[in-house]
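Biologist: Could you bring up the model so that we can go through it together?
Modeller: Here it comes.
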Amino acid sequence: ELPVGSLTVAVELWVHRFVCPTPTCSQHIFCERVPWAPPHQRRTTMCTARLLAWAWDMTAVATCRAAAAEGIAVSRSTINRLLVRTAAVAGGGDDPPAALTIIGVDDWAWKKGQRYGTLIVDL
């Protein structure tokens, strides 16, 4: 959760699990859902929104430093995963992407003669 002043907040959440007595049910165990705590995540939606607001404007390392100053412990790989997941959801519409007008291309060799990489950026 987001820190309060200089204090770090940790939420311990207990939810109910329900068992379906019907033998033909495809899902036998159901878990109670909480809207502000998405399943399989270790942070609330407000905390994730704050991190994403910083991450879209800064690098992952700078976002980690800003989050640490606020009292939120997060790694740069987590920031990168959040950005990739958010970009995949945002770009998943039915509209085709707009044509690129200005692009930047950079290529390099990791190991001479064996591995090459290319980066294409929409400027």
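Biologist: How many disulfides does the structure hold?
Modeller: The structure holds 0 disulfides, a disulfide being a pair of cysteine sulfur atoms within 2.5 Å. Before we go on, this is a predicted model, in which local features need pLDDT of at least 70 and side-chain atom pairs count only at pLDDT 80 or more, while totals for chains, interfaces and linings use all residues. Residues are numbered from 1 along each chain as its sequence is written, and side-chain values use heavy atoms, with hydrogens and water left out.
Biologist: Why is there no bond for the sulfur of Cys25?
Modeller: The closest cysteine sulfur, in Cys20, is 3.6 Å from that of Cys25, which is too far for a bond.
Biologist: And Cys47, buried or exposed?
Modeller: Cys47 counts as buried because its relative accessibility is 3%, where buried means under 20% relative accessible area, exposed over 50% and partly exposed in between, with a 1.4 Å probe and protein chains only.
Biologist: Switching topic, how many salt bridges are there?
Modeller: There is 1 salt bridge, meaning a side-chain nitrogen of Lys or Arg within 4 Å of a carboxyl oxygen of Asp or Glu. Glu70 forms it with Arg50, and their closest N and O atoms are 3.9 Å apart.
Biologist: Which parts of the chain does the pair link?
Modeller: Distant ones: Glu70 is in helix 2 (residues 60-70) and Arg50 in helix 1 (residues 45-55), 20 residues apart. Helices (H or I, at least four residues) and strands (E, at least two) are DSSP runs, numbered from the N terminus. Glu70 counts as partly exposed at 38% relative accessibility, and Arg50 also counts as partly exposed, at 32%.
Biologist: How do strand 3 and strand 4 run?
Modeller: Strand 3 (residues 103-111) and strand 4 (residues 115-122) run antiparallel and are joined by 8 bridges, whereas two strands pair if DSSP finds at least two bridges between them. Trp108 has Gly117 in strand 4 as its bridge partner, and in the hairpin, which has 3 residues between the strands, Gly113 takes a positive phi near 80°.
Biologist: What about Gly104, where does it lie?
Modeller: Gly104 lies in strand 3 and counts as buried at 19% relative accessibility. Its C-alpha atom is separated by 6.5 Å from that of Asp122, although the two residues are 18 residues apart along the chain.
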